[in-house]
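Student: Hey, got a minute to walk me through this one? I'd like to start with the charged pairs and then get to the fold.

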Amino acid sequence: MEEVTSSKPHSFPNERWIRRIRRAKRKCRTDIKLADWNKRGYALRKDLLKPTLSSHIDIVDYDAVSVVFTVLDQDLFRQEFETKSRPAIIRGCMNNWAANRRWSFSRLKESFGKEKFKCGEDDDGYSVKIKLRHYMHYLENNQDDSPLYVFDSSFCEKDNKKRLRHDYKVPKYFRDDLFDYAPYKKRPPHRWFVMGAQRSGTDMHVDPLGTAAWNALLYKCSHKWPYHLSCAVMRLPRWVIFPPQAPKTDVRARPRETDGEAITWFDKVYPRILKESRVQPIEFIQEPGDVVYMPGGWHHVVLNVSNTVAVTQNFCTIPIFPVVWRRTVKGRPKLSKSWLKALKEHRPDIAKLAESVDLNQGDGLPSSSSSDSSSSSSSSSSGSDSESEEPKRSKKATTARHSSTSNHPAVNGGNILVMYELLLLAATTRIMRWPGRGV
């Protein structure tokens with residue numbers, strides 16, 4: 001472990017971006033003071049940015065399979081990776097993306113600097129947004145232990161930001177997304193524009209509803225980067241993943257062991273897991289131009305070793321449809337009804353498959369609440385991880401930063417209904433005690 005030494009922080013006048021960042025911090029993490037965002041000194045801990053293991057992960061050459069999309073290509077990938085639940089790195093599918101030249105820092109600042117992007121959520125579950133130009137100043141001028149993380153799922157819906165959607169293409173293996181048939185407004189968030197500072201990341205989690213995901217890291221070497229960014233630093237997220245059958249004790253942080261941040265997981269939890277775990281993790285570095293395929297049910301944590309720009313999407317294809325359908329019916333019944341109606345009209349074969357799924361059968365996959373907390377770096381992604389259609393509750397009562405109630409049976413499964421009945425009864429009692437108060 002490298003010795004932590006003192007370092008003189010960057011000094012700036014009271015510029016607008018500093019005030020905006022401080023406001024966002026106060027909203028995203030009410031449990032800590034502004035001065036405590038760098039109390040651990042992680043900005044000086046370069047050892048946390050270096051990989052611990054050298055694991056094997058399959059690499060797929062996108063162009064070697066076929067330049068032109070065919071059913072055979074998709075079936076081959078499904079047979080070897082989706083059906084077998086094998087994670088992989090796909091290389092070559094981003095070669096013709098317009099994002100390679102348009103998503104440089106300077107171009108993004110020029111085109112979208114005045115647009116607001118989501119960088120977290122407040123205690124009531126509402127989005128915390130900040131202008132991209134302010135975030136980009138913060139990106140290169142912060143010493144925070146776990147910096148704010150732009151993780152925006154609305155970029156395809158806003159008029160000025162939807163141009164980003166045309167700058168990349170969904171890899172051919174994942175274009176048959178069965179969730180595309182569901183009504184868009186009822187579909188949970190499934191794609192995100194991501195910009196992260198060094199040391200930001202997503203805490204250990206499992207993607208919601210049993211869906212799989214792909215994550216593409218952008219990079220353009222020939223562009224002259226602003227803020228002294230070089231080709232060598234615009235890259236390298238550090239991934240650690242565990243298979244679905246890994247025991248919860250082998251991947252989760254213990255109570256009060258971590259604050260829900262990815263970098264704290266690598267500092268406090270990962271060394272212990274390497275000594276005690278019965279399942280060997282897979283650790284790898286995502287290089288610029290890599291697309292990571294993450295099968296449904298896999299636990300994963302991601303730490304940005306340097307400043308990054310990426311795009312990621314969750315999806316449901318035929319091999320994982322029974323699992324996703326079972327979880328959607330149980331967790332989002334309204335969505336499942338409208339989804340089934342659309343499938344009967346457009347994909348009757350899949351609709352028949354849905355009706356034949358045994359809803360009482362276990363799928364052997366962990367819940368999407370595998371992470372015990374919601375980090376400030378990744379709260380904008382974890383906000384869609386809930387598999388329930390109940391109204392959002394205050395994160396003050398549910399996040400692991402304030403307590404460990406996320407593991408309590410009263411806040412999971414069917415007992416949620418009991419909680420709401422008790423709350424309703426308590427509210428009614430209070431009203432009855434004040435006769436002069438209107439209902």
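Tutor: Sure, we'll go through salt bridges, burial, the sheet and helix packing. Bear in mind that this is a predicted model, where local features need pLDDT of at least 70, side-chain atom pairs count only at pLDDT 80 or more, and totals for chains, interfaces and linings use all residues. Residues are numbered from 1 along each chain as its sequence is written, and side-chain values use heavy atoms, with hydrogens and water left out.

Student: How many salt bridges are there, by what rule?

Tutor: The count is 25 salt bridges, taking a side-chain nitrogen of Lys or Arg within 4 Å of a carboxyl oxygen of Asp or Glu. One of them joins Asp177 and Arg187, at 2.6 Å from N to O. Both residues sit in the loop between strand S5 (149-152) and strand S6 (191-196), ten residues apart. Helices (H or I, at least four residues) and strands (E, at least two) are DSSP runs, numbered from the N terminus.

Student: Are Asp177 and Arg187 buried or exposed?

Tutor: Asp177 is buried at 5% relative accessibility, and Arg187 is buried at 9%. The cut-offs are under 20% relative accessible area for buried, over 50% for exposed, and partly exposed in between (1.4 Å probe, protein chains only).

Student: OK, and what about Glu355 and Lys344?

Tutor: Their side chains form a salt bridge too, at 3.3 Å from N to O. It links Glu355 in helix H10 (residues 348-356) with Lys344 in helix H9 (residues 333-346), eleven residues apart. Glu355 is exposed at 52%, while Lys344 is partly exposed at 47%.

Student: Which residues are linked in a network of salt bridges?

Tutor: Arg45, Asp47, Asp267 and Lys268.

Student: Switching to burial: how covered is helix H8?

Tutor: Mostly: eight of the eleven residues in H8 (residues 321-331) are buried. Among them are Phe321, Trp325, Arg326 and Arg327. The buried residues of H8 pack against H9 and H10, with contact meaning heavy atoms within 4.5 Å.

Student: Now the sheet. What's the strand order?

Tutor: Seven strands make an open sheet, S1-S2-S11-S8-S13-S6-S5, with mixed pairing. Two strands pair if DSSP finds at least two bridges between them. The edges are S1 (58-61) and S5, each pairing on one side only. From one strand to the next, the twist averages 20°.

Student: How many bridges join S1 to S2?

Tutor: Four, and S1 and S2 (residues 88-91) run parallel. Ile59, for instance, has Ile89 in S2 as its bridge partner.

Student: Which strands does helix H6 lie across?

Tutor: H6 (residues 132-140) lies across S5 and S6, running at about 45° to S6. Axes here are lines fitted to C-alpha atoms, for helices over the stretch in contact, with angles from 0 to 180 degrees between N-to-C directions.

Student: And where do the axes of H1 and H6 cross, at what angle?

Tutor: The axes of H1 (residues 16-28) and H6 come within 9 Å and cross at roughly 90°. H1 and H6 are therefore roughly perpendicular (65 to 115 degrees; under 35 is roughly parallel, over 145 roughly antiparallel, the rest oblique).

Student: Which residues meet there?

Tutor: Arg16, Trp17, Arg20, Ile21 and Lys25 in H1 meet His134, Tyr135, His137 and Tyr138 in H6. By class, that contact has four nonpolar, two polar and three charged residues. Ala, Val, Leu, Ile, Met, Phe, Trp, Tyr, Cys and Pro count as nonpolar, Asp, Glu, Lys and Arg as charged, and the others, Gly among them, as polar.
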